[in-house]
Amino acid sequence: GSQTLTLSDRPELRIDPTVLATTGAIANASGAQVYSVEAAGNYGPLLLQGEYFWFNVERNAATGLPPFGAPNLKFEGGYVQGSYVLTGESHPYNPTTASYGGSAPANPFSLNNGGWGAWEIAGRFGVIDLNDQLGTTTGIAGGRQTIYTAGLNWYLNRNIRFMFNYLHGNVAKQVSPTNSGDAGSTFDAFAMRTQVAF
């Protein structure tokens, strides 16, 4: 039958459901595939991670002018991020979950003992491109979202940390696949998060 598919991404500060980059409902979707590759590694207090992914969306012959229909769509995105623990601690790797854990301070925060916990600086660049075949009536103008993040993490002890982030984002988006008028937006945001682990 006639299926629709929507791809969208919220800004990386996800405190509400606002979506700036979205394909809208892609008509006559007959299939989709998602592929990704991810890598991460650490060296002492340095931790690096990145991922690249792409989407293929197949459309049936009901889309566009017969007899050919509309060509399939391709979208892509990814991120790279890194952090460095200024106080020298590292992030332990857990092979069971294939992930890195939080940093455990060598000198937990204490007013009595003079410990200041662990301090970490971090940066991230993320992008997703939900545009394809612009300039054609069957193209998609979902926008290209780019976000830069700078962060500071304070691990008081093994169970508590504070995270401070500054994000600068830009969504380059045109009105429609055939109208290159500007429908994009730019934003700046500050965020603070407290995390308690048991």
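Let's start with Leu167, which sits in strand β10. Keep in mind that this is a predicted model. Is Leu167 buried or exposed? Leu167 has 3% relative accessibility. Buried means under 20%, so Leu167 counts as buried.

What does Leu167 touch, once we leave aside its neighbours within four places in sequence? There are three stretches to look for. Glu12 and Leu13 are among the contacts. So are Ile147, Tyr148 and Thr149. Phe187, Asp188 and Ala189 complete the list. Take Ala189 from that list. Leu167 and Ala189 are 22 residues apart in sequence. From C-alpha to C-alpha, they are 5.1 Å apart in space.

Now go to Ile15. Find the loop between β1, residues 8-9, and β2, residues 21-22. Ile15 lies in that loop. Here the relative accessibility is 70%. The cut-off for exposed is over 50%, so Ile15 counts as exposed. Ile15 also has a distant partner to look at. Ala191 is 176 residues away from Ile15 along the chain. The two C-alpha atoms are separated by 9.6 Å.

Next, the strand pairing. Put strand β8, residues 118-132, on your screen. Strand β5, residues 73-85, pairs with β8. The sense is antiparallel, and there are 10 bridges. One place to check is Tyr79, which stands opposite Gly126 in β8.

β8 also pairs with strand β9, residues 140-155. How many bridges join β8 and β9? The count is 14, and this pairing is antiparallel too. For an example, pick Ala118. The bridge partner of Ala118 is Tyr155 in β9.

While you look at strands, here is a general point. In a regular strand, side chains alternate between the two faces of the sheet.

Then there is a short pair further along. Strand β11 covers residues 174-176, and strand β12 covers residues 179-182. They run antiparallel, joined by 2 bridges. Ser176 has Asn179 in β12 as its bridge partner. The connection is a hairpin, and 2 residues lead from β11 to β12.

On to the loops, and two backbone angles. Most residues other than glycine have a negative phi. Ala98 is not a glycine, yet its phi is positive, about 50°. Look for Ala98 in the loop between β6, residues 93-94, and β7. Ala98 is exposed, with a relative accessible area of 55%. The second case is Gln133. Its phi is also positive, about 55°, and Gln133 is not a glycine either. You will find Gln133 in the loop between β8 and β9.

Now the pockets. The largest pocket has a volume of about 1,200 Å³. Which residues come closest to its centre? They are Gln81, Asn153, Arg161, Met163 and Arg193, out of 43 lining residues. Several elements give two or more residues to this lining, including β3 at 29-43, β10 at 160-172 and β13 at 185-196. β5, β8 and β9 are also among them. By class, the lining has 18 nonpolar, 17 polar and 8 charged residues.

The second largest pocket holds about 200 Å³ of space. 13 residues line this pocket. Closest to its centre are Asp9, Glu12, Arg14, Phe53 and Arg124. Glu12 was also on the contact list of Leu167. Which element has the largest share of this lining? That is β8, with 4 residues. β4, β5, β8 and β9 each supply at least two. The classes here are 6 nonpolar, 3 polar and 4 charged.

Last topic, the largest nonpolar core. It has 12 residues in all. Phe53 is one of them, and so are Phe55, Val57, Leu73 and Phe75. Ile128 and Leu130 belong to this core as well. β4, β5 and β8 each supply at least two of its residues. β4 gives the most, with 3 residues.

Ala29 is another member of the core. What does Ala29 touch, not counting residues up to four places away in sequence? Gln3, Thr4 and Leu5 are on that list. The others are Val57, Glu58 and Arg59. Val57 is a core member too.

Notes: Residues numbered from 1 in each chain as written. Predicted model: local features only at pLDDT ≥ 70, side-chain atom pairs only at ≥ 80, totals over all residues. Heavy atoms only, no water. Pairing = 2+ DSSP bridges. 1 Å grid on protein atoms, 1.4 Å probe; cavity = no way out; pocket = protein on both sides within 12 Å on 5 of 7 lines; lining within 4 Å. Points joined across faces, edges and corners; volume = space filled by probe spheres on them. Nonpolar A, V, L, I, M, F, W, Y, C, P; charged D, E, K, R; others polar. Core = buried A, V, L, I, M, F, W, Y, C linked by side-chain atoms within 4.5 Å. Buried < 20%, exposed > 50% of the residue type's maximum accessible area, 1.4 Å probe, protein only. Contact = heavy atoms within 4.5 Å.
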